[in-house]
Amino acid sequence: MAGAGSGPVPPGAVPGAPPVPSRPLDPIDRSIMRLLQADGRASIRSVAEQVHVSRANAYARINRLIDDGVIRGFTARVNHERAGQGASAYITLKIVQNSWRTVREQLRELPGAAHIALVSGDFDVLLLVHTPDNRTLRELVLTRLQSIPEVLSTRTLLVFEETDLLDPGPATGPALTEE
């Protein structure tokens with residue numbers, strides 16, 4: 001197996017240059033990250049109040065976390081079942097040695113692919129997919145995945161129930177703003 005390879009270049013980094021060491025995060029930075037993971041729409045004012053810093057300090061810290069590549073973006077957490085994606089599965093793949101980059105690019109193109117990880121152990125890749133139903137999942141595994149020449153074998157683990165540990169409940173609050 002090849003290494004994880006190069007991913008996207010963080011903002012401010014020079015392609016091909018050695019990675020810039022990350023700045024240490026203090027407890028306030030970690031608290032800000034936890035709050036934004038739970039509610040990416042939280043206002044700067046709300047974040048500042050909850051971590052006991054000024055709005056200007058919270059704003060500067062969030063921007064630094066973004067600029068340093070610690071916070072990669074803001075997104076919505078989706079209830080896949082309500083969104084018409086009622087079947088979910090983790091699929092393990094054994095792949096040809098040194099084919100990670102090629103396989104990763106093909107997996108990115110799969111409909112419903114949600115997460116791809118190069119891992120160690122009895123298999124090489126862990127893939128999370130969401131599909132409308134089991135028939136579509138079956139088609140994805142038996143036709144799409146197994147037709148990738150570098151995929152030696154797959155094992156499908158159906159997800160019966162999920163719990164998002166970051167989910168604080170229903171979405172609330174305004175979009176991330178300075179107020």
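What follows walks through the fold of this predicted model, from the overall layout down to a few single residues.

Start with the broad picture. The protein is built from five helices and four strands, and reading along the sequence gives the pattern α-α-α-β-α-β-β-α-β. Of its 179 residues, 26% count as buried. About 12,000 Å² of surface is exposed, with carbon and sulfur atoms supplying 52% of that area. As for how the chain contacts itself, take the contacts between residues at least 6 apart in sequence: 71% of them join residues at least 24 apart.

Next comes the sheet. Strands of a sheet pair through backbone hydrogen bonds, either parallel or antiparallel. Here the four strands make an open sheet in the order 2-3-1-4, and the pairing is antiparallel. Strand 2 and strand 4 (151-159) sit at the edges with a single partner strand each, so one side of each has no neighbour in the sheet. Ignoring direction, neighbouring strands are turned against each other by 20° on average.

Strand 3 (residues 125-131) pairs with strand 2 (residues 113-118) in the antiparallel sense, and five bridges hold that pairing. One of the matched positions puts Ala113 with Val129 of strand 3 as its bridge partner. The two strands form a hairpin with six residues between them, and Gly121 in the turn takes a positive phi of about 120°. Strand 3 also runs antiparallel to strand 1 (residues 87-95), this time with seven bridges. In that pairing, Ala87 stands opposite Thr131 of strand 3.

What lies across the sheet strands? Helix 4 (residues 100-108) lies across strand 1, strand 2 and strand 3, and runs at about 170° to strand 2. Leu107 belongs to this helix and counts as buried, since its relative accessibility is 0%. Not counting residues up to four places away in sequence, Leu107 touches Leu93, Ala113, Ile116, Val125, Leu127, Leu145 and Ile148. Ala113 in that set is the residue bridged to Val129. For Leu127, the C-alpha atom is separated from that of Leu107 by 8.2 Å, with the two positions 20 residues apart along the chain counted as their spacing.

The helices earlier in the chain have their own packing to look at. Two packed helices are described by the angle between their axes and the distance between the axes. For helix 2 (residues 44-51) and helix 3 (residues 55-67), that angle is about 105° and the axes are 8 Å apart, which means the two helices are roughly perpendicular. Helix 2 contributes Ile44, Arg45, Val47 and Ala48 to the contact, and helix 3 contributes Arg55, Ala58, Tyr59 and Ile62. By class, these residues split into six nonpolar, no polar and two charged.

Helix 3 packs against helix 1 (residues 27-38) as well. The axes of helix 1 and helix 3 come within 11 Å and cross at roughly 80°, so this pair is also roughly perpendicular. On the helix 1 side the meeting residues are Ile28, Asp29, Ile32, Met33 and Leu36, and on the helix 3 side they are Arg61, Ile62, Arg64 and Leu65. The tally for this contact is six nonpolar, no polar and three charged.

Is Asp29 of that contact buried or exposed? Asp29 is buried, because its relative accessible area is 1%, under the 20% cut-off. Leaving aside neighbours within four places in sequence, Asp29 is in contact with Pro24, Arg61, Arg64 and Leu65.

Two backbone details round things off. Most residues other than glycine have a negative phi. Which residue in the loop between helix 2 and helix 3 goes the other way? His52, placed in that loop, has a phi near 65°. His52 is exposed, with a relative accessible area of 71%. Asn98 also has a positive phi, about 70°, although it is not a glycine. Asn98 sits in the loop between strand 1 and helix 4, and at 57% relative accessibility it counts as exposed.

Methods:
Residues are numbered from 1 along each chain as its sequence is written. This is a predicted model: local features need pLDDT of at least 70, side-chain atom pairs count only at pLDDT 80 or more; totals for chains, interfaces and linings use all residues. Side-chain values use heavy atoms; hydrogens and water are left out. Two strands pair if DSSP finds at least two bridges between them. Axes are lines fitted to C-alpha atoms, for helices over the stretch in contact, and angles run from 0 to 180 degrees between N-to-C directions. Contact means heavy atoms within 4.5 Å. Buried means under 20% relative accessible area, exposed over 50%, partly exposed in between (1.4 Å probe, protein chains only). Accessible areas come from the Shrake-Rupley method with a 1.4 Å probe; for residues, only the protein chains shown count as cover. Angles under 35 degrees count as roughly parallel, over 145 as roughly antiparallel, 65 to 115 as roughly perpendicular and the rest as oblique. Ala, Val, Leu, Ile, Met, Phe, Trp, Tyr, Cys and Pro count as nonpolar, Asp, Glu, Lys and Arg as charged, and the others, Gly among them, as polar.
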